[in-house]
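Please open the structure in the viewer and keep the sequence panel visible. The tour proceeds by selections, each followed by a description of what is found there.

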Amino acid sequence: MNIIIVGCGKVGQALAEQLNDEGNNITVIDTVPEKVNDVSSRYDVMGVVGNGATHLIQQEAGIDHADLLIAVTGSDELNLLCCVIAKKAGNCHTIARVRSPQYSTEAAFLKDELGLAMVINPEQEAAREIARILRFPSAMKIDTFGRGRVELLKFRVPENSPLVGCAVKDIVAKLHCDVLVCTVERGEDAYIPKGDFVFGEKDVISIVAAPRKAAEFFRKIRYKMNSVKDVMIIGGGEIGHYLCEQLVRSGMSVKIIEKDPKRCEELCAMLDGVTIINGDASDQNILLESGLEHTEAFVALTNLDEENILLSLFAKSASHCKLVTKINRIEFDNVINQLDLDSTIYPKNVTSDNIVRYVRAMRSSIGSNMETLYNIIKGKAEAAEFIIKEQSAVLDTPLMELKLKPNVLIAAILRDKKVMIPRGHDTLQINDAVIIVSSRLALHDITDIIN
């Protein structure tokens, strides 16, 4: 596919890398020559310097032959204008990143009236992910499939857990839990484990299950189940704003510490039922005076990764709260994963996952449609949900007889309103939603899982 990306910031760079790796023809546009040169040389893509909201620059980038234009500049209005011009000039699909809370309630209207394929708000999506985690603090990360009927939960095995020394195949027999283990991370290694794989302390495990079955599983391995009741948020930016709205609706007690007095006034006007504290959270006394030692969850959302990490590490030393840490740069994720920060949130990944899913759906055959895509382990394993639309080579054959490619796992089947954790004698049927976990990245169609 021919794809134009307007904006060479962090999200634009991540998209250029990922979409180029999947075999698309990428052209990037930015007004800063150094950014264009850096991205085009680093990822071997085409680059155009100029204003992506002008017809002339879009023509130079090849809008006449483009299949998709993605606008991810720092301006919502500029992104929308880029998409309007692209629709008129090339009649291609368009995706706009729109971040401002002022537009959050307008997303459906903008999408319909401007003919956009997608309006994506990374901050709002990141806030939703954080809210899910705070409602289920046992998990480091929660992804949902089938409109919430299936969850993929990532958690770290604690010391003295019943799972330590237990093999994957023993979970059903010993714990009597209908869950399926998808991935295990041990140090820098990642596995899609077979039945004889034995869990160890501090392994990071991903499981797939229906929400009620997942709750039962965590209860049996003696993990904390209840959602948190009070939350301390550091940083009153857009993610903090969206998160407060969701947590207050869930009945949680929320306080924000924000050092900009003007932003504090804005938050006071926008948020009801939230305690706003004007102060510098890097001052440990302010954190302690604000009740850190007794809070149940601590969410670090400043604009500096280093500050978020240090704040979370201090919170871990001063209390037993659930930690959520926002990270913007993904270059050091292997190092960050060693710090035991509970849950880390990468807003850029939210954006790229959604857009890559849409691109793969555009490229896929008509036999099945990709509905959802998540990176479980960045660059190593992903989970995708496919809807089987018509006859296919994967249908009506017992799963144990399907010749699956290596490191491909059929994790769950959604049939009508039933969630099935698949066993060897189960088969796939038309209209099934099927969740596939694989280390073979870039699956486009359900048939890609078989040899």
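Which residue in S13 is the bridge partner of Asp230? Select Asp230 together with Ser253, since the latter is the partner in question.

Before going further, note that this is a predicted model, in which local features need pLDDT of at least 70 and side-chain atom pairs count only at pLDDT 80 or more, while totals for chains, interfaces and linings use all residues. Residues are numbered from 1 along each chain as its sequence is written, and side-chain values use heavy atoms, with hydrogens and water left out.

**First stop: the parallel sheet**

Select strand S12 (residues 230-234) and strand S13 (residues 253-258), which run parallel and are joined by 5 bridges. Strands here are DSSP runs (E, at least two residues) and helices likewise (H or I, at least four), numbered from the N terminus; two strands pair if DSSP finds at least two bridges between them.

Extend the selection to the open sheet of 6 strands, whose order is S14-S13-S12-S15-S16-S17 with parallel pairing. Strand S14 (274-278) and strand S17 (343-345) are at the edges; each has a single partner strand, so one side of each lacks a neighbour in the sheet. On average, neighbouring strands of this sheet are turned by 15° against each other, direction ignored. Add H13, which packs on the sheet and touches S12, strand S15 (297-300) and strand S16 (322-326). Contact means heavy atoms within 4.5 Å. The direction of H13 makes about 175° with that of S16; axes are lines fitted to C-alpha atoms, for helices over the stretch in contact, and angles run from 0 to 180 degrees between N-to-C directions.

Remain with helix H13 (residues 305-318) and select Leu310 within it. Leu310 has 59% relative accessibility and therefore counts as exposed; the classes are buried (under 20% relative accessible area), exposed (over 50%) and partly exposed in between, with a 1.4 Å probe and protein chains only. Adding Leu313 and Leu339 completes a nonpolar surface patch with about 250 Å² of accessible area together. Such patches are made of residues with over 30% relative accessible area and no salt bridge, nonpolar side chains (Val, Leu, Ile, Met, Phe, Trp, Tyr) being joined within 5 Å and like charges within 9 Å.

**Second stop: the antiparallel sheet**

Select the open sheet of 5 strands in the order S7-S8-S11-S9-S10, where the pairing is antiparallel. Its edge strands are strand S7 (141-145) and strand S10 (189-191), each pairing on one side only. Within the sheet, strand S8 (residues 150-156) and strand S11 (residues 204-209) run antiparallel and are joined by 6 bridges. Arg156 stands opposite Val204 in S11. Helix H9 (residues 211-220) packs on this sheet, touching S8 and S11, and its direction makes about 25° with that of S8.

Now display the side chains of Glu185 and Lys154, which form a salt bridge with the closest N and O atoms 3.0 Å apart. Glu185 lies in strand S9 (residues 180-186) and Lys154 in strand S8, so the pair ties together parts that are 31 residues apart in sequence. A salt bridge is a side-chain nitrogen of Lys or Arg within 4 Å of a carboxyl oxygen of Asp or Glu. Glu185 is buried at a relative accessible area of 14%, and Lys154 is buried at 11%.

**Third stop: further salt bridges**

The structure holds 13 salt bridges. Select Asp432 and Arg415, whose side chains meet in one of 2.7 Å, N to O. Asp432 is buried at 1% relative accessibility, whereas Arg415 is partly exposed at 23%.

In helix H2 (residues 33-43), select Arg42 and Asp38: being 4 residues apart, they are separated by about one helical turn. Their salt bridge has its closest N and O atoms 3.0 Å apart. Then select Glu22, Arg360 and Glu382, which are linked in a network of salt bridges.

**Last stop: strand S1**

Is strand S1 (residues 2-6) largely enclosed or open? Of its 5 residues 4 are buried, so S1 is largely enclosed by the rest of the structure. Strand S2 (residues 25-30) runs parallel to S1 and is joined to it by 5 bridges. To finish, select Ile3 and its bridge partner in S2, Ile26.

Note on methods
Accessible areas come from the Shrake-Rupley method with a 1.4 Å probe; for residues, only the protein chains shown count as cover.
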